Every structure is written in C-alpha cells, then in structure tokens.
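Here's a quick walk through one protein chain, written for someone who likes cut-offs stated up front. Have a look at the model first.

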Amino acid sequence: MTMSELTPFHLHTNSATADVERALPDQAPGPLTHPRPRATECPPVPLLVVVTGPGDVARGLLDAAGRAATAARPLVVSLVRESAPGTMNPILQALAARRRDKDIASLARAARAMCGLVGVEVTRTTIVDKPLRPTRRGRDRALRRRLQVLADTLGAELHLDSGGTGGGGHR
C-alpha cells in the first residue's frame, strides 16, 4: 500500500500503522513527535562607557573596549559635554559653544580610534550634558544619575572606571 492509497480511516486503525511503516521504510516507527523548539538566545547586553575627557579615552574606554571585545558585547560611548558658561554675553556663549563642539568632536574621534585599535566597533555614541550644580560632589552625583537613566533606557550596563564618572577630563 502506498501513501496515496491511505485514507483517514486507515490512519485510525492498528493495521494502518503497519501500512504506514511499510510505505515509509526509511523513517523510524513510533509516534509522531514535534521537534522541541530551540531556546532563543538573548542578544548580549551593551556596555555603556563614559568619556569625560582625554584621560578617559586612555583608561576607562580602553578597559571597557577590552571587556566588550572579550565578551563579544556591543559598545556604547557616552561623551560628557561641559556645561555652558553662566554669562549673558552672546559672544562669550558662542565662543564657548564652538570650543565645546570641538572638544566633543575630538573626543568622539579619539574614542573611535581607540576602539578601532582594540578591534571593537562603537555601536552608538551619545552626548550627555554635564549638570550645573554648585559643588563638585553634586555635579558628579547628578551626572551619575543621568548616566544611569541613559543606561536603563538603552538596556545597557554602565561601565564606570575606578575614578567614578570619569576622571580624565576637564572639570
């Protein structure tokens, strides 16, 4: 009996099992089972590294890039931009804005170059403004909160070097 000769009635009888086994000799006899679905792997959690200045490129970023390369994780770089000067003079504000933009562009180039040397691609670059607070401790605490919110938003692990929120840049 061939498969085309089988009817639904044959499939429900004991003799139909033998007919199917003879019709399909290359398949193992037994009940039909559904393959177990494969467990889907979660994508790796990105690593968020903070760069406040040139010193962080050589220290914190190098360490984070090494961690990302070892664990095959994406790397997100967050550049911290200095706060605007507290002046109402538009000329001074424009000059400070130009200097801040040049500093951020320079840090971004240095970060990409350093990651290229390690063999890690920067998947995303973000800019975080340094908060205005009267004390250094207050600025660092507010910056840390901003960075933690950014890490939570991106679903990333925040990588802070041993110096805190940076340590190599201009304060």
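With which side chain does the side chain of Arg73 make a polar contact? The partner is the side chain of Glu157, at 2.7 Å (a polar contact is a pair of N or O atoms within 3.5 Å; within protein, one must be able to donate a hydrogen and the other to accept it, and residues adjacent in sequence count only if both atoms are side-chain atoms).

Some ground rules: this is a predicted model, where local features need pLDDT of at least 70, side-chain atom pairs count only at pLDDT 80 or more, and totals for chains, interfaces and linings use all residues. Residues are numbered from 1 along each chain as its sequence is written, and side-chain values use heavy atoms, with hydrogens and water left out.

**The chain as a whole**

The protein chain has six helices and four strands (DSSP runs numbered from the N terminus: helices are H or I with at least four residues, strands E with at least two). From the N terminus on, the order is α-α-β-α-α-β-α-β-α-β. Of the 171 residues, 32% are buried, meaning under 20% relative accessible area, with exposed over 50% and partly exposed in between (1.4 Å probe, protein chains only). As for contacts (heavy atoms within 4.5 Å) with a separation of 6 or more, 69% link residues 24 or more positions apart.

**Strand E1 and its partners**

Five of the five residues of E1 (residues 47-51) are buried, so this strand is largely enclosed by the rest of the structure. Leu47, Val49 and Val51 point one way, while Leu48 and Val50 point the other. That fits a general pattern: in a regular strand the side chains alternate between the two faces of the sheet. Strands pair if DSSP finds at least two bridges between them, and E1 has these parallel partners:

| Partner of E1 | Bridges | Direction | Facing residues |
|---|---|---|---|
| E2 (residues 75-81) | Five | Parallel | Val51 and Leu79 |
| E4 (residues 157-159) | Three | Parallel | Leu47 and Glu157 |

**Back to Arg73**

So Glu157 turns up twice: as the bridge partner of Leu47 and as the polar partner of Arg73. Arg73 sits in the loop between helix H4 (60-71) and E2, and is buried, with a relative accessible area of 17%. Leaving aside neighbours within four places in sequence, the residues in contact with Arg73 include Pro44, Val45, Pro46, Leu47 and Glu157.

**Elsewhere**

Val118 lies in helix H5 (residues 90-118) and is partly exposed, with a relative accessible area of 31%.
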